[in-house]
Amino acid sequence: MTEYRGLLRADGERFAIVVARFNEVITDRLLSGARSAFRQHGVPDEAVDVAWVPGAMELPVVAQKLARSGSYAAVVCLGAVIRGDTPHFEYVSSGAATGIGAVARETGVPILFGVLTTENVEQATDRSGAKSGNKGYDVAVDAIEMASLMEQIDQRQ
Ligand code: INI
């Protein structure tokens with residue numbers, strides 16, 4: 001019996017972050033969290049590339065391009081969709097979630113969903129480093145775990 005469990009350690013891999021400019025006050029905090037997580041787990045700044053997109057709807061296509069390049073062990077997507085300011089909240093949030101899931105399955109590269117979907121700015125602030133952790137940090141750690149897990153499965157084949 002083989003049990004696979006990703007480690008929180010990266011050995012020379014590169015990672016990419018795609019981050020939305022929409023609600024940049026929040027997404028910039030998510031980006032800082034993600035960068036710190038990579039640094040704290042031994043991934044140097046030079047091994048992390050960042051691509052900015054206009055909004056959460058554009059995350060999937062750029063994540064797909066980065067994943068297809070074959071240069072990255074995982075791609076982290078960061079965004080903030082806030083209901084209070086968004087009449088089409090459901091379209092944007094589900095478009096981003098469905099698109100990101102589809103890209104991960106199509107490319108076989110882990111694509112992490114670091115998009116906050118909140119009722120208001122206060123909740124988004126809390127979840128981007130104020131009171132309730134930092135979603136950007138968390139998904140970057142998940143990216144390292146997933147990269148390690150995929151590598152272990154590859155080694156076994
Ligand atoms: N994009 C976001 O990332 N967050 C939002 O809250 C948001 N709102 O409010 O609409 C949003 N819209 C832009 C969208 O993601 C696209 O960039 C735009 O529709 C162009 O395709």
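In this predicted model, strand 1 and strand 3 run parallel to each other and are paired over five bridges. One residue pair gives a handy entry point to this pairing: isoleucine 17 has valine 76 of strand 3 as its bridge partner. On strand 2, the link to strand 1 is made by six bridges, and these two strands also run parallel; here valine 18 finds its bridge partner in alanine 51 of strand 2. The connection between them passes through a helix, as strand 1, helix 1 and strand 2 make up a right-handed β-α-β unit.

Strand 1 is well worth a look residue by residue. Six of its six residues are buried, and the cover extends to both faces of the strand. Phe15, Ile17 and Val19 are buried on one side, while Ala16, Val18 and Ala20 are buried on the other.

Zooming out, these pairings belong to an open sheet of four strands, arranged in the order 2-1-3-4 with parallel pairing. Strand 2 (48-53) and strand 4 lie at the edges, each pairing on one side only. From one strand to the next, the twist averages 15 degrees. Strand 3 is joined to strand 4 in the parallel sense by eight bridges, and within this pairing leucine 116 of strand 4 is the bridge partner of alanine 80. Two helices can then be placed against the sheet. Helix 2 (residues 59-68) packs on it and touches strand 1, strand 2, strand 3 and strand 4, with its direction at about 165 degrees to that of strand 1. Helix 3 (residues 89-107) also packs on the sheet, touching strand 3 and strand 4, and its direction makes about 170 degrees with that of strand 4.

The side chains complete the picture. The largest nonpolar core holds 27 residues, of which Phe15, Ile17, Phe38, Val43, Val76, Leu78 and Ala143 touch the most other members. At least two residues of this core come from each of strand 1 (15-20), helix 1 (24-40), strand 3 (74-82), strand 4 (111-118) and helix 5 (135-156). Alanine 143 illustrates how distant parts of the sequence meet: beyond its neighbours within four places in sequence, it is in contact with Phe15, Phe38, Ala74, Val76 and Leu112. A second core, separate from this one, contains 21 residues, including Ala16, Leu66, Val103 and Val109. Returning to strand 1, Phe15 and Ile17 are thus listed in the largest core, whereas Ala16 is a member of the second.

Methods: Residues numbered from 1 in each chain as written. Predicted model: local features only at pLDDT ≥ 70, side-chain atom pairs only at ≥ 80, totals over all residues. Heavy atoms only, no water. Core = buried A, V, L, I, M, F, W, Y, C linked by side-chain atoms within 4.5 Å. Buried < 20%, exposed > 50% of the residue type's maximum accessible area, 1.4 Å probe, protein only. Contact = heavy atoms within 4.5 Å. Pairing = 2+ DSSP bridges. Axes fitted to C-alpha atoms, helices over the stretch in contact; angles between N-to-C directions. Right-handed = clockwise from strand over helix to strand, strands pointing away.
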